[in-house]
Number of protein chains: 2
Amino acid sequence: MPQLLPQALLTVIDELGKLPGVGARTAERYAYHLLRANDASNRKLAQAVTQLHTGVKSCPKTFALIDASESVSPLYSNPSRERKLVAVVEEPLDIIALERTGQFNGTYHVLGGAISPIDGVGPEQLHIPELLHRIKDDEVEEIIIATNASVEGESTALFLQRQIEQHGLSVKMSRLARGLPVGVDLEYADQITLSHALEGRRLL
Amino acid sequence: MPQLLPQALLTVIDELGKLPGVGARTAERYAYHLLRANDASNRKLAQAVTQLHTGVKSCPKTFALIDASESVSPLYSNPSRERKLVAVVEEPLDIIALERTGQFNGTYHVLGGAISPIDGVGPEQLHIPELLHRIKDDEVEEIIIATNASVEGESTALFLQRQIEQHGLSVKMSRLARGLPVGVDLEYADQITLSHALEGRRLL
């Protein structure tokens, strides 16, 4: 059978197919879109991808993603942010989700993942020692453990809690509340979520 | 509010967000994946996108996508393909769908879209005159109109049929069958599909 598509198009399909959750059909659709886009816009995409690594670095204090030109995350350096309150998250993008609530005025600490033996991620790969340092240096009073509501997120939260206790650091620790998300019918809620919602019920 | 993400990352999110069906969240996920990918693999993606336009051209006979180095589509030049049988499709990727069936041994003709007044696509933008020429030049005996099963696809098929008749070309014309797709329960089929399935029922 002859090759059905030009090699240049197949290469783009192949490369786009490496993006998370992108199958062959989706990659084809993206590639075809790029084929019909003008040259200038494709060059912009190519340039953006090429300059991604040089333009981004990790904040040495919070491990948030920052501009290569910055020395520390603006969410940490900003004097109006409360350094004694730290939200610990798994990934840099989790910060955006929390910032979007507009409800949090503390600083962040990115662990860089969650403990997951299956994926070969152990506690030594996470930015836990740096967090323990920060707790002392910044005289942190409260830690909100905002890891994901997954098995890995839970294990990481537990491990972190023990580490902080073992280091004799007296700091208030909390976990994000678990319960029914907004707009969900009780009928369709899974039983674990519902158990959490019952357990964490609030007096009126 | 300070910028929550480094500019280089925002630019990539922005550019990826222009792909069809990609919203802000998906673009963020893609960009974060690229951020964690190594430099060489990102360069490959960037290069593939940059070289897309120069590596691909349109076949002057069938308007299929071909390598810039080819003069005509291999699906047309191949002597084992029947030139007297032409499947007319809207877009180049439709060819792949038909080729995957392994059931078609004719040649293709890509219209380059479908008639859609809303999107400002009139018949004059489609490769219809070229098809009429091909019918004469290649002494085409049968045309399978394989446009989409949408309103636009139907209008285009009707328009094409009339054009061929008006030009006094005697050629057998057919449309792809419409009915129940494989694996669909009667219960869940929409009524239009079901009407088509009834109308096109086959004697056993």
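**Two chains, questioned closely**

Analyst: In this predicted model, the C-alpha centres of domain 1 and domain 2 of chain A lie 36 Å apart.

User: Which residues make up domain 1 and domain 2 of chain A?

Analyst: Domain 1 of chain A runs over residues 7-50, and domain 2 covers 72-175.

User: What pLDDT does chain A average?

Analyst: Chain A averages 91 on a scale from 0 to 100, with 99% of its residues scoring at least 70. Among its elements, helix α9 (residues 191-199) of chain A has the lowest mean, 84, while strand β4 (residues 106-110) of chain A has the highest, 96. For the complex, the predictor gives an ipTM of 0.82 and a pTM of 0.80.

User: What makes the two copies related as by a two-fold rotation axis?

Analyst: Look at the superposition. A turn of 180 degrees, with a shift of 0.0 Å along the axis, lays chain A on chain B with an RMSD of 0.1 Å. That half turn without a shift is why the copies count as related as by a two-fold rotation axis. In chain A, A:A46 has the C-alpha nearest that axis, at 2.0 Å.

User: How do you know that the same surface serves both copies?

Analyst: Compare the contact residues: 100% of those in chain A recur in chain B. The contact itself takes 43 residues from chain A and 43 residues from chain B. Elements giving two or more residues to chain A's side include α1 (7-16), α2 (24-36) and α6 (92-101) of chain A. The most comes from α3(A), with nine residues.

User: And what kinds of residues are on the side of chain A that touches chain B?

Analyst: They split into 26 nonpolar, nine polar and eight charged.

User: Which residues have the most contacts inside the largest nonpolar core?

Analyst: Those are A:V12, A:V88, B:V12 and B:V88, in a core of 91 residues. Setting aside sequence neighbours within four places, A:V88 is in contact with several residues, among them A:L111, A:L131, A:I144 and A:L160. As background, nonpolar side chains in soluble globular proteins tend to be buried together.

User: Why is A:R175 called partly exposed?

Analyst: A:R175 has 16 C-beta neighbours inside 10 Å. Buried needs 20 or more and exposed needs 12 or fewer, so with 16 A:R175 falls in between and counts as partly exposed. A:R175 is found in strand β6 (residues 172-175) of chain A.

User: What is A:R175 in contact with, leaving aside its neighbours within four places in sequence?

Analyst: A:I145 and A:A157. A:A157 is 18 residues from A:R175 in sequence, and 7.9 Å away in space, C-alpha to C-alpha. The contact test instead uses C-beta atoms, with a cut-off of 7 Å.

User: Is A:E139 buried or exposed, and what makes it so?

Analyst: A:E139 has 10 other C-beta atoms within 10 Å, and 12 or fewer is enough, so A:E139 is exposed. A:E139 lies in the loop between α7 (128-137) and β5 (142-145) of chain A. Although not a glycine, A:E139 has a positive phi of about 50 degrees.

User: Then B:F63: buried or exposed, and why?

Analyst: B:F63 counts 22 other C-beta atoms within 10 Å, and the bar for buried is 20 or more, so B:F63 is buried. B:F63 also has a positive phi, about 65 degrees, although it is not a glycine. B:F63 is found in the loop between β1 (56-58) and β2 (65-67) of chain B.

Methods
Residues are numbered from 1 along each chain as its sequence is written. Chains are lettered from A and ligands numbered from 1 in the order in which they are written. This is a predicted model: local features need pLDDT of at least 70, side-chain atom pairs count only at pLDDT 80 or more; totals for chains, interfaces and linings use all residues. Two residues are in contact if their C-beta atoms, placed from the backbone, lie within 7 Å. Helices (H or I, at least four residues) and strands (E, at least two) are DSSP runs, numbered from the N terminus. Ala, Val, Leu, Ile, Met, Phe, Trp, Tyr, Cys and Pro count as nonpolar, Asp, Glu, Lys and Arg as charged, and the others, Gly among them, as polar. Copies are superposed by least squares on the C-alpha atoms of residues with pLDDT of at least 70 in both. A nonpolar core is a set of buried Ala, Val, Leu, Ile, Met, Phe, Trp, Tyr and Cys residues joined through C-beta atoms within 7 Å. Domain bounds come from an automatic or database domain assignment. pLDDT is the predictor's confidence in each residue, from 0 to 100.
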